[in-house]
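Trainee: Could we go through this structure together, one question at a time? I would like to hear the reasoning behind each answer.

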Amino acid sequence: MKREEIEKLREAVSCAAVLEQAGFAVDIKESTRRAVKFRRGAEIIIVTHEGRGWFDPLSKDKGDIFALVALLEHLTFSDAVDRVGALIGYKAAPIIWKKPSSKVEPADILKRWQGRRLPSTGSGASRYLCWTRAIPVSILRSAINQGIVREGPFGSMWAAHSDGAGLVVGWEERGSDWRGFSTGGSKVLFRLGPTDALRLCVTEAAIDAMSLAAIEDLQDGSLFLSTAGGWSPRTEAALVDLLARPGALLVCATDANSQGDAFAHRLQALAAQVDRPSVRLRPPAEDWNEVLQERKKRNRRVKAERGVPHRRRPRQGRLRPAKAGP
């Protein structure tokens with residue numbers, strides 16, 4: 001089957017339809033419009049991206065509808081594609097929400113963002129990023145200096161998405177027990193690095209963007225971006241604006257799975273439309289944060305073999321306080 005046909009299948013069939021057919025039911029009490037929780041006994045699958053993505057909160061499993069079918073039915077990718085094709089036209093039962101969705105004004109989004117503190121040494125967000133996700137303090141400090149990270153609730157972190165004018169329009173939310181996107185916010189781009197950079201590295205999550213920046217030691221002339229796994233008209237417009245710069249290069253640094261490959265293909269097609277070069281930078285593990293964490297473990301093993309003592313927690317350094325900006 002051609003890639004174009006596979007993309008059409010991905011858009012035509014919802015993950016919710018697959019789960020409903022497999023005997024899963026919606027847990028309405030623990031669901032939101034952006035993250036719908038499905039249960040089948042002890043199994044849990046959370047559907048995101050308006051039915052196009054999913055993840056298992058009890059493991060590292062995640063992906064698109066084909067990966068979901070392959071996981072549930074133990075199929076190859078080719079067989080999963082055929083199985084999804086058989087579901088075209090099937091509509092999952094609608095979810096009846098107790099409260100109508102409310103519109104959130106951009107001014108309210110900015111006010112909520114500015115109301116959160118910047119991460120500091122030992123804070124919840126810094127512990128999550130530096131200890132749990134192995135982000136170096138130097139990278140977190142760069143993000144703090146740019147004003148693109150905030151302390152989220154319950155030890156989580158917020159990573160800003162901004163428009164071309166630098167205005168915060170939404171944020172990715174990540175923590176040990178939670179992942180989501182700001183209610184009422186817009187997915188555009190998370191941006192780490194110099195705003196005039198010509199090497200544009202696009203990942204699927206802010207933590208992956210920070211991880212790649214760490215692996216490349218925040219390479220000069222590179223802007224590390226995240227789409228939060230989405231592809232909205234505003235995201236596409238923002239990428240086109242960045243690619244319009246003479247000498248721009250698009251680096252498709254999406255995940256090393258079928259969804260990441262499809263995303264990279266779409267990015268490369270966009271670069272071709274505006275006559276800009278592009279390259280595929282595929283992580284040697286599932287994603288760039290996994291690569292970063294494996295590197296950290298390897299360094300610890302090397303130190304242990306050499307008899308170099310190390311702390312139970314990585315050395316934090318000090319995060320210099322910074323003033324919260326817009």
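Trainee: Let me start with a single residue: is Asp255 buried or exposed?

Mentor: Good place to begin, and keep in mind that this is a predicted model. The relative accessible area of Asp255 is 3%. The cut-off for buried is under 20%, so with its 3% Asp255 counts as buried.

Trainee: Which residue forms a salt bridge with Asp255, and how far apart are the closest N and O atoms?

Mentor: A salt bridge needs a side-chain nitrogen of Lys or Arg within 4 Å of a carboxyl oxygen of Asp or Glu. For Asp255 the partner is Lys62, and the closest N and O atoms are 3.7 Å apart. Lys62 is partly exposed, at a relative accessible area of 27%, whereas Asp255 is buried. The answer is Lys62, at 3.7 Å.

Trainee: How many residues apart are Lys62 and Asp255?

Mentor: Lys62 belongs to strand S5 (residues 62-63). Asp255 sits in the loop between strand S13 (249-252) and helix H10 (258-273). The pair links distant parts of the chain, and the separation is 193 residues.

Trainee: Helix H10 came up there. Which residue meets Asp261 in a salt bridge?

Mentor: The salt bridge of Asp261 has an N to O distance of 2.9 Å, and the other side chain is that of Arg282. Asp261 lies in helix H10 and Arg282 in the loop between strand S14 (278-280) and helix H11 (288-305), so the pair ties together parts that are 21 residues apart in sequence. Asp261 is partly exposed at 27%, and Arg282 is partly exposed at 43%. The residue you asked for is Arg282.

Trainee: What about Glu43: which residue does its side chain meet in a salt bridge?

Mentor: Glu43 is partly exposed, with 36% relative accessible area. Its partner Arg40 is partly exposed as well, with 28% relative accessibility. The N to O distance is 2.9 Å, and the residue is Arg40.

Trainee: How many salt bridges does the count come to?

Mentor: The pairs we discussed are among them, including Glu43 with Arg40. There is also a network of salt bridges that links Glu7, Arg10 and Asp64. The count comes to 13.

Trainee: Now for the sheets. In the open sheet of four strands, which strands stand at the edges?

Mentor: The order of this sheet is S6-S7-S8-S9, and the pairing is antiparallel. Each edge strand has a single partner strand, so one side of it is left without a neighbour in the sheet. Those strands are S6 (149-151) and S9 (178-181).

Trainee: Which residue is the bridge partner of Gly175 in S9?

Mentor: Strand S8 (residues 168-175) pairs with S9 in the antiparallel sense, over four bridges. In S9, the bridge partner of Gly175 is Trp178.

Trainee: Turning to the open sheet of five strands, which strands stand at its edges?

Mentor: Here the order is S10-S12-S11-S13-S14, with mixed pairing. An edge strand has a single partner strand, so one side of it is left without a neighbour in the sheet. The edge strands are S10 (190-192) and S14.

Trainee: What angle does the direction of H10 make with that of S14?

Mentor: H10 packs on this sheet, where it touches strand S11 (199-203), S13 and S14. S13 and S14 run parallel and are joined by three bridges. The direction of H10 makes an angle with that of S14 of about 170°.

Trainee: Last topic, the aromatic rings. What is the angle between the planes of Trp113 and Trp171?

Mentor: A pair of aromatic rings is described by the distance of the centres and the angle of the planes. Trp113 lies in helix H5 (residues 106-114) and Trp171 in strand S8, so the pair ties together parts that are 58 residues apart in sequence. Both residues, Trp113 and Trp171, are buried. The pair is tilted, at 5.8 Å centre to centre, and the angle between the planes is 35°.

Trainee: Ring pairs link Trp113 and Trp171 into a cluster with which residue?

Mentor: The residue in question also has a charged neighbour: Arg116 lies over the face of its ring, at 5.2 Å from the ring centre. The residue that completes the cluster with Trp113 and Trp171 is Trp158.

Technical notes
Residues are numbered from 1 along each chain as its sequence is written. This is a predicted model: local features need pLDDT of at least 70, side-chain atom pairs count only at pLDDT 80 or more; totals for chains, interfaces and linings use all residues. Side-chain values use heavy atoms; hydrogens and water are left out. Buried means under 20% relative accessible area, exposed over 50%, partly exposed in between (1.4 Å probe, protein chains only). Helices (H or I, at least four residues) and strands (E, at least two) are DSSP runs, numbered from the N terminus. Two strands pair if DSSP finds at least two bridges between them. Contact means heavy atoms within 4.5 Å. Axes are lines fitted to C-alpha atoms, for helices over the stretch in contact, and angles run from 0 to 180 degrees between N-to-C directions. Rings of Phe, Tyr and Trp (its six-membered ring) pair if their centres lie within 6.5 Å; planes under 30 degrees apart count as stacked, over 60 as edge-to-face and the rest as tilted. A charge sits over a ring if NZ of Lys or CZ of Arg is within 6 Å of the ring centre and within 35 degrees of the ring normal.
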